[in-house]
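Colleague: Could you take one part of this model, the open sheet with the helices around it, and go through it closely for me? Please give the cut-offs behind each term as you use it.

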Amino acid sequence: MTLFKKTKTKYMKSLSTRFYFFLALIFMLSSEMSSQNVISLAGKWRIVLDGNYKDWPEKVGASEGWYKQELPTNKSVSMLNQIYFKNADFTVNDWINLPGSTDEAGIGAVLKESQIYTPGLERLRTYDGAFWVQRKVIIPESWKNKTVTLFMERTLGGSTVFWDNRKVGEDYGLAYPHIITIDKSIQSGEHLLTVLINKDDMRYASFGHHGYGGNGSSWNGIVGRIELIAKNAAAQIDNVFVYPQIKTGSVDVKLVFVLGSSLKNTKVKFSVRKKGEDKFELIKTEININDSLNTNFAIPKPVLLWSEFTPVLYELKCELESDGKTIDSFITTFGMREIGTKDGYITINGNNVFMRGTLDCGSFPLTGYPYMKKDKWIEIMKIIKSYGLNHVRYHTWCPPEAAFEAADEVGLYLQAELAGVPYAEINRILDTYGNHPSFCMLSLNNEVMGNTELNEKLVAKAKIKDKRHLYACTTQPVGVNRNDDYFISAWGIEKTNEWPFHKRIVGITWGGGDVVTASRFNLYSPETQSTFSSEIKGINVPIIAHEMGQWAMFPDFDEIPKYEKGVLRNTNYERIKVQIEKRGLLPYNKDFAKASGMLSSILYKEEIESILRTPNYGGFQLLDLHDYQGQYISIVGILNDFWESKGLVTPQKHSEYCQSVVPLAKMKKRVWTNDEQFEANVEISNFTFDDLLAVKPIWTVTDSQQNIIKKGVLNQLTVKKGGITAFSSISFALKNIKEASKVTLTVTIPKTGFVNSWEIWVYPKKIKENVGDVLVLNGTNTDILFQKLAEGQKVLLQLDKNTLRKYRESCFTTIFWNSIHKWMQKAHTMGILCDPKHQVFSDFPTDFYSNWQWWDITMNAYAMNMNDLPKEIKPLIGVIDSYIVNDKLAYLWECKVGNGKLMVCSVDFTQDMNNRPASKQLKLSILNYMNGNDFNPNIILNTTDIKALIK
């Protein structure tokens, strides 16, 4: 390795000397201003890359002793860097601001344009190899002979620390701080601190999303707090564990001391205060101390419990005293919270909780690495809670301390997951974050399909080590014979003969199936009464729906500039934008995004309510409340990648059907005719910690102008906490609704903010279809078609899969997740887009997007491919294509051909129309429009254009 040794120039020596003199001055000043026992190392560090020879046991800098002197410049090891980057274009820097990443320092391979879709966001500069950082540190005289440790809050892989000219220690891990003892008897003065960070040190067989590209982005660096911490050399508190006992209003406390601590003639004082109060109250003093200390004491009354409703926190201060002096202290936050299970639900302080969750896949669109400050996590947690959620699952990663602190304060239940197999980090995670009351659940991994003996052994040990949490061997699938405290699954235990060989307990066909042929949202007409009771029968622990939803939406290209503020680029959005611009569809982008999003949002509502309707179903985890740009674009949230609203559903509206108390209406269908008797059964789901007394729900049915059509009051009942209470039913005749109408059923709990509503459609049973002077033809009558058009006839041309050259399969829902991962599904469209004000819909009230009345229409239609027709044609009923393909699609459009006027339709208006009131009403509206004066298409086509469309 002598190849890479370079003689330092006089310039380098001069530059380094001046820099380190300035740095030393800064540290002398900062150490006076900092906490007495903490020196922040935030600031400018020298950096040199050492990323080559990934599989070698030792890095070049280690064998050449870079740590013994000033680090070489990257220019002096240019050959090493060129070999690592394989002669790709790259940039380097000799300085990095820490905390921070190599990306932020402008270090790495330069992003190159690519025509293909990528797994997610792309880094402007990519470097995932090892690097060395170095700076000089001034140890104050007051620290002399103390034990000093280096604290690096979060980095990835291995870290090796050198102090002056010797190695002092190393650490490894992804999910917790790296802590290395620098010296057990430090000397004051100037010292050289050098750290080797080696992300290439990949000791685990597999990794989670965070930091390794699973969410579409990655990072390399040191983030969060970077500090030197001084402690008394004789005795130190290593950790404090607090175990609440809510029945007695007390806590069990365990103190662990640093190995080798001299504890003779020492004592520990325990003081408590509510977080936010000024003074601690001395509770207890212990004098009999060994290598560890276990004690118990009561919390000052009144004892306030922690939950989503009352996120009250306490702080415990433990002071280690010797000869009347405090030689060490430790402050930790905790909450009086106990977790358990009962009747299919997770319990908090003995109360049933319905887990209303979202995932966080570790997407950080500006930095690539997690937020490390509590204020940003507070902002995110408040957004999550504003949408009625109370739970977050971290997909194969564990968030930093700041996230737990924020959840503690806001009141959210968190599930962490281990990031690497063979799960070596479980004990460090429990020891680091275990006191946080928000840390409720821990899963070892994601989607481990086999029942492994290792997982069960680890869960068994974890239950013994720390009973403050619930544990699962894996997130998805269910495993009846496992020792999990709870299951997270998309499958029940009831078997089927086809993949996934288990009945689903979510609305999607999770696991790779086709939503057209398997999802209830495409198989069955819309209703609001189905449950998953049979599918979860026999499961003896709480079960939570796995990655529920995943209804994809079209990207909004206005988000592209938001990424330009950081170190990542959303190149996939840029590629899609180029594609749809070529198709002439770019002006529709905002409409595509909004319409597909509104369809997804109504699917989410019904998914949530169907689980709420199911007794003893423990909750759900959405994938996701917000988008994440990994796994080839996951645009599945009602919020964007930045946790910002897309304008689809307000927090207030979302909370109507997603919160602790939700009125539910069970209807056998969404589309009715006016000769029927409307019926709905009302239930109320109550997962507060109190019964709701003397509840007498009010119901109203209103039209589109908010005029009350019908109203009533249900029977009075007490709504018991922790479950579902059934009320009397709603029933009334629809005969007074004479015209096609969208009406809204609303159920309200008086004197509370709890309300929920459902849109239904009522159509006249008896309608007289007026063909008038319109000729209705199918695609087999082309000779007659062109003859009649030449004669000036109005023609409704009905096409289907037998007559269309290019078409898409029938589908109501948007696609599941994304078309790249789930290319085999027939569903590649994302709903309809129309103009409700257009005269063609005068007799068919509609929104601009697919709502429930479109189900029968779209499940009996084939989307026409219009790529070869003039771009100027604006469909009357457009169909939004998958953003991966971006064909121009439609169910209905109009044009002039010769002297005639042509309406082209690919909705089936022939089969079983007496039992398809929505389709029947749409056809009526189309014919009425064609027979009126407003039917005057402005696009002129020739017969060749039409022939190209038909087989």
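Modeller: What follows goes through the sheet, its helices, the nonpolar packing and a few unusual backbone spots.

This is a predicted model, in which local features need pLDDT of at least 70 and side-chain atom pairs count only at pLDDT 80 or more, while totals for chains, interfaces and linings use all residues. Residues are numbered from 1 along each chain as its sequence is written, and side-chain values use heavy atoms, with hydrogens and water left out.

The sheet is open and has eight strands in the order β32-β31-β29-β28-β27-β38-β36-β33, with parallel pairing; strands are DSSP runs of E of at least two residues, helices are runs of H or I of at least four, both numbered from the N terminus, and two strands pair if DSSP finds at least two bridges between them. At the edges stand β32 (470-472) and β33 (487-489), each with a single partner strand, so one side of each is left without a neighbour in the sheet. From one strand to the next the twist averages 25°, where axes are lines fitted to C-alpha atoms, for helices over the stretch in contact, and angles run from 0 to 180 degrees between N-to-C directions. The partner of β33 is strand β36 (residues 543-548), paired with β33 in the parallel sense over three bridges, and Ile488 has Ile544 of β36 as its bridge partner.

Helix α4 (residues 374-386) lies across β27 (355-360), β28 (391-394) and β29 (413-417), and runs at about 125° to β28. Trp377 has contacts (heavy atoms within 4.5 Å) that include Asp360, Phe364, Tyr394 and Trp397, once neighbours within four places in sequence are left aside.

Trp377 is also, with Met381, Phe620 and Met903, one of the residues that touch the most other members of the largest nonpolar core, which has 157 residues. Such a core is a set of buried Ala, Val, Leu, Ile, Met, Phe, Trp, Tyr and Cys residues joined through side-chain atoms within 4.5 Å; buried means under 20% relative accessible area, exposed over 50%, and partly exposed in between, with a 1.4 Å probe and protein chains only. Helix α13 (residues 589-612) gives the most to this core, with 10 residues.

Helix α7 (residues 453-465) has 13 residues that should span 18 Å at 1.5 Å a residue, and its end C-alpha atoms are 19 Å apart, which agrees; the expected span is 1.5 Å times one less than the number of residues. Asn455, Leu458, Val459 and Ala462 of α7 are buried, and seen down the axis of α7 the buried residues fall within an arc of 100°, so they line one face of the helix; the arc is that of the directions from the helix axis to the C-beta atoms. These buried residues pack against α6 (426-433) and β32, whereas the face turned away carries the exposed residues Glu453, Lys461 and Ile464.

Some backbone spots deserve a check. Most residues other than glycine have a negative phi, and most peptide bonds are trans. Gln550, in the loop between β36 and α11 (560-563), has a positive phi near 60° and is buried, with a relative accessible area of 1%. In the loop between β38 (619-622) and α14 (651-656) lies Asp624, and the peptide bond from Leu623 to Asp624 is cis, with omega near 25°. Gln631 is in the loop between β38 and α14; its phi is positive, near 55°, and at 19% relative accessibility Gln631 counts as buried.
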